[in-house]
Amino acid sequence: MTEELGAISAAIEAGESVRGTTSPNPPVGCALVDASGELIATGATSPAGGPHAEINALEQAGERARGATAVVTLEPCNHTGRTGPCSQALVEAGITRVVYFTADPNEAAAGGAEYLRAHGVEVDFQPVRVAALQPWLRSVHLGRPSVTLKFASTLDGFTAAADGTSKWITGEDARELVHADRAKLDAIIVGTGTAIADNPSLTARFPDGTLREHQPRRVVVGSREVPEGNLTRLGFKQYATPQEALEALWETGARDVLVEGGASLAASFLELDLVDAVQAYIAPALLGAGRGVLDRAIADTIADARRFRTTLVRPVGNDVFIEMERDVYGTR
């Protein structure tokens, strides 16, 4: 795999570049290398109904694809939906070897590796955790959108001071990362309390305030009426409960959604066992008292605490960004 290290990075980066634009399909990346190990093409999944990553890479490579190796973040599909099977396209293009990182959990699309082997293509499964695919993989197992809970807090766990002030707990670098992440999501969910009190825009913006190319859908959960404001001008959908919101989002193609506020809604999603991942932005500051991440207890004992596995910890400016997810799909 030494000669393909560049292709591995290229395939992962290609998939990451289209996060938020491909649902209900996964954001897959594909890289093609020739016999000498030279990267000759990359491709990523187009928006739903368009070509998959492998097809885009093959089109870019043209005749140079014959005899090449395809490095793909997800097992090539083996079914005909709105597009044809990628496994067949790889064979027809003369690809002689396929390396893939993630087995396809979707029964309707799986079987690509077997098809390739049956048609003389060398297939190498190299298990690699591809971050861009994790929400989609969870959604396939759960039969609903993958839900990430995001919050920013002080080191001692407060999202606002005792007087209610919360701007700004974290620094500019952390806030910029939040907006970059919003552009990779299918939807952002807030409660009616947050929508009324904070009047958020829930847009993905650059530091200069201009909008990023991809914008997530805006969703409000709760029964209270949201007054005229940013959300009203930009358009949003409102649902009475988290379950109703997730069902509607799933039916309309959303697979990766973020719960961004507030404390009551976060507690509700946790009580319903609907939080699959957590993004925490921790500021090196102490308050001692104030408003917490949750507005009520969701466990009476340590044994009942919601547990997650840490997948990423990194500094963002003067703050710390932590990503966590469940250990097993569909379980705590």
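In these views, two residues are in contact when heavy atoms lie within 4.5 Å of each other. Welcome to a guided set of close-ups of a predicted model.

**View 1. Five strands form an open sheet.** Start here to get your bearings. Reading across the sheet, the strands come in the order E2-E1-E3-E4-E5, and their pairing is mixed. At the edges are strand E2 (39–44) and strand E5 (122–125), each of which pairs on one side only. From one strand to the next, the twist averages 15 degrees.

**View 2. Strand E4 meets strand E5.** Strand E4 (residues 97–100) and E5 run parallel and are joined by four bridges. To find one of these pairings, look for Arg 97: its bridge partner in E5 is Glu 122. As a general point, strands of a sheet pair through backbone hydrogen bonds, either parallel or antiparallel.

**View 3. Helices H1 and H2 meet the sheet.** Helix H1 (residues 5–17) packs on the sheet, where it touches strand E1 (29–33), E2 and E3. The direction of H1 makes about 150 degrees with that of E1. Helix H2 lies across E1, E2 and E3 as well, and runs at about 145 degrees to E2.

**View 4. Three annotated residues come together.** The unreviewed UniProt entry gives the annotation "binding site" to His 52, Cys 77 and Cys 86. These residues are spread over 35 residues of sequence, yet they cluster in space, with a largest C-alpha distance of 9.1 Å. Look for Cys 77 in the loop between strand E3 (69–72) and helix H3 (86–92), and for Cys 86 in helix H3 itself. Are the two cysteines buried or exposed? Cys 77 has a relative accessible area of 7%, so it is buried. Cys 86 also counts as buried, because its relative accessibility is 1%. Beyond its neighbours up to four places away in sequence, Cys 86 touches His 52, Glu 54, Ile 55, Pro 76 and Cys 77.

**View 5. Glu 54 is the residue listed under "active site".** That listing comes from UniProt, in an unreviewed entry. Glu 54 is found in helix H2 (residues 53–61). With a relative accessible area of 4%, Glu 54 is under the 20% cut-off and therefore buried. Leaving aside neighbours within four places in sequence, its contacts include Cys 77 and Cys 86, both met in the previous view. Cys 30, Val 72, Leu 74, Pro 76 and Leu 90 are also in contact with Glu 54.

**View 6. Leu 58 sits in the largest nonpolar core.** This core has 38 residues, and those with the most contacts inside it are Leu 32, Leu 58, Ala 70 and Ile 95. Apart from neighbours within four places in sequence, Leu 58 is in contact with Leu 32, Ala 65, Ala 89, Leu 90, Ala 93 and Ile 95. A second core, separate from this one, has 25 residues, including Val 147, Ala 187, Ala 245 and Leu 270.

**View 7. Arg 175 lies in helix H6.** This helix spans residues 172–182. Not counting residues up to four places away in sequence, Arg 175 touches Trp 168 and Thr 170. For a last stop, find Pro 207, which is 32 residues from Arg 175 along the chain. The C-alpha atoms of Arg 175 and Pro 207 are separated by 8.9 Å.

Note on methods
Residues numbered from 1 in each chain as written. Predicted model: local features only at pLDDT ≥ 70, side-chain atom pairs only at ≥ 80, totals over all residues. Heavy atoms only, no water. UniProt positions renumbered as here; feature names shortened; annotations may be inferred. Helix = DSSP H or I, 4+ residues; strand = E, 2+ residues; numbered from the N terminus. Buried < 20%, exposed > 50% of the residue type's maximum accessible area, 1.4 Å probe, protein only. Core = buried A, V, L, I, M, F, W, Y, C linked by side-chain atoms within 4.5 Å. Pairing = 2+ DSSP bridges. Axes fitted to C-alpha atoms, helices over the stretch in contact; angles between N-to-C directions.
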